[in-house]
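Trainee: Got a minute to go through this one with me? I'd like to reason from the coordinates.

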Amino acid sequence: MIQPSSDKLDNRLPLRPLKKYYSNRSEKRKIALPTVEGIYFEKVGQLVSLEAKGNYTVLKFVGQRQLLVSKTLREIEEVLNDKDRFVRIHRSFIINLDYIFKYIRGKGGYVVMEDGSNVSVSVSRKQALMEALEEYFC
């Protein structure tokens, strides 16, 4: 017996631009994240940090949960489009200011996130981080 293929239906969603799959409800904003297994729909507010891994991105969520997504960091940054909350502090890292614990001074320095992870701040992005922190906390 031949079963109908659901591949066409499954493949339509990831082929469209990522921007099409972003819910803009302020309190429950979600983003569609294509992975090898399928598409995850995650709350943006639970996102702690993002790390580039070539053409993939590792998203770290509250509770130490991680997700490898088949989109570049730049593509996800464009979709998030929330400069008040998400700040690129390195070529390979974006953090959510809601979950920053402390900033350690240095040439570029680094931030410690609430989940305990340390993320280096590049020298070229230090000023942008300081401005974002000032705006966020003032």
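Trainee: Is F137 buried or exposed?
Mentor: Residues are numbered from 1 along each chain as its sequence is written. This is a predicted model, where local features need pLDDT of at least 70, side-chain atom pairs count only at pLDDT 80 or more, and totals for chains, interfaces and linings use all residues, while side-chain values use heavy atoms, without hydrogens and water. The scale is relative accessible area with a 1.4 Å probe and protein chains only: buried is under 20%, exposed over 50%, partly exposed in between. F137 comes out at 55%, so the label is exposed.

Trainee: And what kind of aromatic pair do Y136 and F137 make?
Mentor: A search of the whole structure turns up 1 aromatic pair (Phe, Tyr or Trp rings, six-membered for Trp, with centres within 6.5 Å; planes under 30 degrees apart are stacked, over 60 edge-to-face, the rest tilted). The ring centres of Y136 and F137 sit 4.7 Å apart with the planes at 75°, so the pair is edge-to-face.

Trainee: Is Y136 buried, exposed or partly exposed?
Mentor: Go back to the accessibility scale and read off the number. Y136 has a relative accessible area of 30%, so the class is partly exposed.

Trainee: Zooming out, what pattern does the protein follow along the sequence?
Mentor: Count the elements, taken as DSSP runs numbered from the N terminus (helices H or I, at least four residues; strands E, at least two): 3 helices and 11 strands. Read in order along the sequence, they give α-β-β-β-β-β-β-α-β-β-β-β-β-α.

Trainee: What percentage of the 138 residues is buried?
Mentor: For context, the protein exposes about 9,100 Å² (Shrake-Rupley, 1.4 Å probe), with 49% of that area supplied by carbon and sulfur atoms. As for the 138 residues, the buried ones make up 39%.

Trainee: Which element gives the largest share of the lining of the largest pocket?
Mentor: That pocket has a volume of about 190 Å³. A pocket here is an open set of points on a 1 Å grid over the protein atoms alone where a 1.4 Å probe fits, with protein on both sides within 12 Å along at least five of seven lines; lining residues have an atom within 4 Å of a point. α2 (73-80), β7 (86-90) and α3 (126-137) each supply at least two lining residues. The largest share, 3 residues, comes from β7.

Trainee: How many charged residues are in that lining?
Mentor: The lining includes E77, D82, K83, R88 and R125, alongside others such as L80, F86 and I94. Sorted by type, it holds 6 nonpolar, 1 polar and, for the class you asked about, charged residues numbering 5.

Trainee: F86 is in the lining too, so to speak. How far is its C-alpha from that of N96?
Mentor: F86 belongs to strand β7, and at 8% relative accessible area it is buried. Skipping neighbours within four places in sequence, F86 is in contact (heavy atoms within 4.5 Å) with V44, L47, L50, L80, I94, I95 and N96. N96 is 10 residues away from F86 along the chain, and the C-alpha separation is 4.6 Å.

Trainee: What about L80: how far is it from V44, C-alpha to C-alpha?
Mentor: L80 lies in helix α2 and counts as buried at 3% relative accessibility. Along the sequence, L80 and V44 are 36 residues apart, but in space the C-alpha atoms are separated by 8.0 Å.

Trainee: Which residues does R125 contact, beyond four places in sequence?
Mentor: R125 is in the loop between β11 (118-120) and α3, and at 31% relative accessibility it counts as partly exposed. Its C-alpha is 7.9 Å from that of G108, 17 residues along the chain. The contacts of R125 outside that window are R88, I89, H90 and R91.

Trainee: Backbone check: what is phi of N81?
Mentor: Most residues other than glycine have a negative phi. N81 sits in the loop between α2 and β7 and is exposed at 58%. Although N81 is not a glycine, its phi is positive, at about 45°.

Trainee: And where does Q64 lie?
Mentor: Q64, again not a glycine, has a positive phi near 65°. With a relative accessible area of 55%, Q64 is exposed. Its place is the loop between β5 and β6 (66-69).

Notes:
Points joined across faces, edges and corners; volume = space filled by probe spheres on them. Nonpolar A, V, L, I, M, F, W, Y, C, P; charged D, E, K, R; others polar.
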